[in-house]
Structures are given as C-alpha cells and as structure tokens.
Amino acid sequence: MNKIKNAFAQGKAFIPFITCGYPNLEVTAACVRAVVENGADLIELGIPFSDPTAEGVVIQEANLKALQGGVTTEKVFEFVKNLREEISIPLVFMTYANVVFGYGAEKFISTCATIGIQGIILPDVPFEEKNEFLPLCKKYGVDLISMIAPTSENRIAKISSEAEGFLYIVSSLGVTGTRAEITTNLAPMIKIVREDTKIPCAIGFGISTPEQAKNMSTLADGVIVGSAIIKIITKYGNDAAPYVGEFVKTMKDAIK
C-alpha cells in the first residue's frame, strides 16, 4: 500500500478533505471515488466531532449533521475498512484528541493501522503535547502529522525537524474556510521548514480556487482543500460526487 510520501512523488500533491458521513456515508464513499478518479493524491477524512475548534462554520455544520445522522467513530472505521477494498491512495484522519481518548488511544491508533490509515492530524494537540500519542503512533506505524501556523514563529524549526508523513502548513490565522485571498507571507516559514526537514509540506486553510491552488503550490509540495469541497456537497447533497470530482480535476490541473 502507498505511503504518504508517495503522494508527493509525482509532482505537486492535491489533498482534498471530506467529512465522513456528511450528508451520509454513501455520499462520502461516492465523493472519495470521484476525487480519486480526478487526481487526488492523498485524502484527509474528517471524523465528526461535536466541537471542532479548528473548523469554520462550513465544516462545523458538516460535523454536526454527520453526528445527527448517527455517524460514530466505529462506523467511520468500518467505512474505511470497506473503502480500502477499492481505494489504494494514502488516507489520513483529521479529528480531535477527545475522539481518540474517547475511543481509547491505543485501540484507535492500532485500528487505524489495521484498516489502512497512514496518518492522523489532531489540530487541538500542541506540538509540546504530542507525546500523548506519538509513542503509540510509532508502535503501529501511523504518522502523527504536525501543523505549523503563522503564529508558530520560533517553534517552526523544532516542529519541522521532528515532522512525520507531511507537514501541514496553515496558511492563515483563524479557522478553516474559503478566503477571497491569502495574504500571509508564507515564504519565510517554508524557507525554515526546508532547512530543517526533507518531509514534504502542504498548505491548507482558505484555498478554494485554481488560482489560489497554483500560487500556493509554487511554495509548497501540495495543497489541501476542505471547505470549498464541503460547500459543493452542501449544495448538491446526494448528487454531489460528480461535482466534487469536477472541482478536484480543475484544482489538480492548476497545480500540475
């Protein structure tokens, strides 16, 4: 099975984010197939949580509706297990510490390894507290993916030097969501990253247009898009998959 680094091996990587179970798991599966068919190199799957502090209103509402629809961590694991019968590209979970603790940290991470999840992103776990999960991640071969934000400043080199899988560069202050423009000067951050690790880095938060994706891809090894995809799913509901696929193709084409 492909490892995370393979997602970046053929040029700039496009990484879509999809909330599992929004509006239902059948639509999630159809959207995953569509993004794979249209050039996604790695997929972030969100495990719904009641208080997703890193997310803006679009993904917050998707989390809430998925939970209201009866999606649980156990159901997401079973969903991914079945998905792995047809999808081989790298998959990572994006979720929160309480989800992992609530399920049982070792059980959660060992199950990730069993079903073919290559990494996990926990945006509410500071770098200094990653040892809550890192030993278990190393035990089971699941990358604990670190994030760097504009506020990381003198911590960038340290975080970069210990990064696993890929490094998630947060483009802007605040929460996820589409932005008319990304004004943060990311070049100095990424320069420090390049000096301290050979791990690929991908930029997320706010990217929603092919032009933005192209601009960000000149700085990083990949781009991550979430809210723009969730908006498409919100608009088209059960029929969203082909529209999500079409959007991903335009984004992937923009960064080639």
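## Overall picture

A residue counts as buried here when its relative accessible area is under 20%. By that yardstick, 57% of the 256 residues of this protein are buried. Keep in mind that you're looking at a predicted model.

The protein has 11 helices and 9 strands. Its radius of gyration is 17 Å, close to the 18 Å that the globule rule gives for 256 residues, so the protein is as compact as a globular protein of that length. Along the principal axes, the C-alpha atoms fill a box of roughly 45 × 40 × 35 Å. The accessible surface comes to about 11,000 Å², and carbon and sulfur atoms account for 50% of that. As for how the chain folds back on itself, take the contacts between residues at least 6 apart in sequence: 72% of them join residues at least 24 apart.

## The nonpolar core

The largest nonpolar core has 98 residues, and the ones with the most contacts inside it are F93, F108, I120, F166 and I233. Helix α1 gives this core its largest share, 7 residues.

What does I120 touch, once you skip residues up to four places away in sequence? Its partners are F93, F108, I109, C112, C137, V142, D143, L144 and I145. Two of those, F93 and F108, also sit on the list of residues with the most contacts inside the core.

## Helix α1

With 13 residues at 1.5 Å each, α1 should span 18 Å, and its end C-alpha atoms are indeed 18 Å apart. The buried residues of this helix are L25, V27, T28, A29, C31, V32, A34 and V35. They pack against a mix of strands and helices: β1, β2 (43–46), α3 (73–83), α10 and α11 (241–255).

Leading into this helix is the loop between β1 and α1 (25–37), which is where you'll find P23. The peptide bond from Y22 to P23 is cis, with omega near -5°. That's worth a look, because most peptide bonds are trans.

## Helix α2

Helix α2 covers residues 57–68, and its 12 residues should span 16 Å at 1.5 Å a residue; the distance between its end C-alpha atoms, 16 Å, agrees. Which residues of α2 are buried? They are I59, A62, N63 and A66. These four cover an arc of only 100° around the axis, which puts them on the same side of α2.

V57 and Q68 are exposed, on the other side of the helix. The cover over the buried residues of α2 includes β1 (13–19) and α10 (227–236). Both of these elements also pack against the buried residues of α1. Just after α2 ends, G70 takes a positive phi of about 95°.

## Buried residues in loops

Being in a loop doesn't stop a residue from being tucked away, and F205 is one example: its relative accessibility is 6%, so it counts as buried. F205 is found in the loop between β8 (201–204) and α9 (210–217). Its phi is near 80°, a positive value in a residue other than glycine. Most residues other than glycine have a negative phi.

F127, in the loop between β4 (119–121) and α6 (134–140), is buried too, with a relative accessible area of 15%. Leaving aside neighbours within four places in sequence, F127 is in contact with R155, K158, I159 and E162. Its C-alpha atom is separated by 23 Å from that of P90, 37 residues apart along the chain. Then there's S146, in the loop between β5 (143–145) and β6 (147–148). At 10% relative accessibility, S146 counts as buried. Beyond residues up to four places away in sequence, S146 touches I159, F166, L167 and Y168. So I159 is a partner of S146 and also of F127.

## A buried serine in α9

Is S217 buried or exposed? It's buried, at a relative accessible area of 5%. S217 lies in helix α9. Apart from neighbours within four places in sequence, S217 is in contact with K12, V223 and I255. One of these partners, I255, belongs to α11 (241–255).

Technical notes:
Residues numbered from 1 in each chain as written. Predicted model: local features only at pLDDT ≥ 70, side-chain atom pairs only at ≥ 80, totals over all residues. Heavy atoms only, no water. Helix = DSSP H or I, 4+ residues; strand = E, 2+ residues; numbered from the N terminus. Expected span 1.5 Å × (residues − 1). Buried < 20%, exposed > 50% of the residue type's maximum accessible area, 1.4 Å probe, protein only. Arc of directions from axis to C-beta. Contact = heavy atoms within 4.5 Å. Rg over C-alpha atoms; globule rule 2.2 N^0.38 Å. Areas by Shrake-Rupley, 256 points an atom, 1.4 Å probe, with all protein chains shown as cover. Core = buried A, V, L, I, M, F, W, Y, C linked by side-chain atoms within 4.5 Å.
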